[in-house]
Amino acid sequence: MVEYDSSSIKNIIQKDSKDLDSDDELAGFRSKFVIEDPNLIYLDGNSLGRLPIKTKELVQEIVSEQWGDRLIRSWNERWLEDTSRIGDKIGLVVGAKPGEVVIADSTSVCLYKAAVSVLLSDQERSVILTDDQNFPSDIQALRAAASAVSKDHEVVVLESDSVEDPVDVLLEAIDETVALVSLSQVSYRSGWCWDLSLISQKAHEVGAKVLWDLSHSVGVVPIDLRGEEIDLAVGCTYKYLNGGPGAPAFIYASENCKDFINPIAGWYGSKNPFGFDPDCQPDRDNRRFLTGTPPLISTLLIEPGVDLVIEAGVQNIRSKSVALSEMFLFKARQELLPLGFEIASPLEKNNRGSHVALSHSSALAIGQALINEQSTIPDVRPPDLVRFGFAPLYTTFTEIEECISRIKNVFEGGGVSRWENSHPIVP
Ligand SMILES: Cc1ncc(COP(=O)(O)O)c(C=O)c1O
């Protein structure tokens, strides 16, 4: 792994992007993804990762052989083992032991289950603490969890400016009334990255639990759930794990949460799912958080993407992520601020995940012009953020440099005014 200090970062931003690509130890991973159009600069892997070539091949095998030929026999022959193996591989990426990570549902549903399980375990405390940089669905799921448990529970949404430093505001708010602190490790807006240990430690000091949403960090930020004494975590598999659109999420609970119950109990989370007994007790390990039949095809398709992350190593991925982001920020400061952009992400690399957000009053038009005229895909989050996601397994340094000049093309070629009145459903 290359550790980037200020002098090595200086080195990156002074070097030619082609040289950086030829020195890049992860460069070979790009050829493991389907890249139909080499001119397309895809900077939205923080939302939906690219398709691994192996996944494309696996679809055929799963559909034709496992489903088409072996039919229901596949349960005994492989599906039970396959699904737990894939969970264990995600466990490797996030620092969990085999059996501790299970694949289930969507992130929102996993978050709801985990939050209710905490609230039911200690009804003396009534506050669930989160912040306004958390993903909206998380806040909705936390509110739903609070009202499912009692009318006295409340979700406190801290107002924080996560571009600066929200740590002190949060630490101060964690007191003895708090049952649960739940945040996204990396904010979907600014890319702010919380220090898991610091927040978890403070929560534990006052007897609260922590529940992290790892959707924007898993596979790109080193995570050690056991080492950092995290109680509960959930995350999605379709961003930096490249699991595919709508791929199921995962849930982790530590040993100290072993008595917490799944509020949406179902046959698949019971000790003996194929006993078909309504009185069967929940499984003793984290399988108890499962509910119904998993979406098998999408679950099995997660594996090739996770394998690529394991093969590359999250530390190496992180190093390249820092380098790509620093290069983008350096060039953005020089060339994009004069066009009316502001940097809406933390400048300190340790406080950032793997995307950089720029704010601009014409964000939506800029995003549409880039997609429709410049073969460049970022995304836009209202009202004014254009997000650029760097997925080190396939994003190149040359693409970063080229992206900056395509953004300038949008302005110079009148793209902003051409797209000013466009209102796509997905921005
Ligand atoms: C941080 C975060 N949490 C939760 C979600 C929602 O995930 P799901 O649709 O799987 O419930 C997303 C989706 O992008 C997300 O970015």
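So, straight to strands β3 and β5: residues 127-131 and residues 178-184 run parallel, joined by 3 bridges. This is a predicted model, by the way, so take everything I say as read off a prediction. If you want to find the register, go to L129 in β3, whose bridge partner in β5 is V181. Then there's I128, which has L180 as its bridge partner in β5.

Now stay on β3 and look at its other pairing. β3 and β4 are also parallel, this time over 5 bridges. Put your cursor on V127 and you'll see E154 of β4 standing opposite. How does the chain get from β3 to β4? It goes through helix α6, residues 136-149, and that β-α-β crossover is right-handed.

Back to β5. Is that strand mostly covered or mostly open? Mostly covered: 7 of its 7 residues are buried. On its β6 side, the pairing is parallel again, with 5 bridges. One of the pairs to click on is S184 with D213, its bridge partner in β6. The connection from β5 to β6 runs through α8, and that's another β-α-β crossover that comes out right-handed.

Let me zoom out to the whole sheet. We have 7 strands in an open sheet, and the order is β2-β8-β7-β6-β5-β3-β4, with mixed pairing. Which strands sit at the edges? Those are β2, 101-104, and β4, 154-158, each pairing on one side only. Between neighbouring strands here the turn is 20° on average, ignoring direction.

Then the helices on that sheet. Helix α5, residues 107-121, lies across quite a list: β2, β3, β5, β6 at 209-213, β7 at 232-235 and β8 at 249-253. Against β7, α5 runs at about 165°. Helix α8, the one from the crossover, covers residues 196-205 and packs on the sheet too, touching β5 and β6. The angle between the directions of α8 and β6 is about 155°.

Okay, second sheet. This one has 4 strands, also open, in the order β9-β10-β13-β12, and the pairing is antiparallel. Its edge strands are β9, just 342-343, and β12, 379-381, and each pairs on one side only. β9 meets strand β10, residues 355-359, in the antiparallel sense over 2 bridges. E342 is a handy landmark there: its bridge partner in β10 is S359. Packed on this sheet is helix α11, residues 314-335, which touches β9, β10 and β13, the last being 385-389. The direction of α11 makes about 20° with that of β10.

That brings me to the helix before α11 in the numbering, and to a residue I'd like you to look at. E303 is found in helix α10, residues 303-312. Buried or exposed, this glutamate? E303 has 12% relative accessibility, and the cut-off for buried is under 20%, so E303 counts as buried. Leaving out residues up to four places away in sequence, E303 touches R85, I86 and K89.

And E303 has company. α10 is mostly covered, with 7 of its 10 residues buried. Besides E303, the buried set is P304, G305, V306, L308, V309 and A312. What do those buried residues pack against? They pack against α3 at 53-69, α4 at 73-94, α9 at 296-300, and α11. Right after α10 comes G313, with a positive phi near 90°.

Last bit, the chain as a whole. Counting everything, there are 14 helices and 13 strands. The radius of gyration is 22 Å, close to the 22 Å that the globule rule gives for 427 residues, so the chain is as compact as a globular protein of that length. Along the principal axes, the C-alpha trace spans about 70 × 55 × 45 Å.

How much of the chain is buried? Of the 427 residues, 56% count as buried. Accessible surface comes to about 18,100 Å², and carbon and sulfur atoms own 51% of that. And if you take contacts with a separation of 6 or more, 74% of them are between residues 24 or more positions apart.

That's what I had. Let's open the model and go round it together.

Terms used. Residues are numbered from 1 along each chain as its sequence is written. This is a predicted model: local features need pLDDT of at least 70, side-chain atom pairs count only at pLDDT 80 or more; totals for chains, interfaces and linings use all residues. Side-chain values use heavy atoms; hydrogens and water are left out. Two strands pair if DSSP finds at least two bridges between them. Axes are lines fitted to C-alpha atoms, for helices over the stretch in contact, and angles run from 0 to 180 degrees between N-to-C directions. Contact means heavy atoms within 4.5 Å. The radius of gyration is taken over C-alpha atoms; the globule rule is 2.2 Å times the number of residues to the power 0.38. Buried means under 20% relative accessible area, exposed over 50%, partly exposed in between (1.4 Å probe, protein chains only). Accessible areas come from the Shrake-Rupley method with a 1.4 Å probe; for residues, only the protein chains shown count as cover. A crossover is right-handed if, with the strands pointing away from the viewer, the path from the first strand over the helix to the second runs clockwise.
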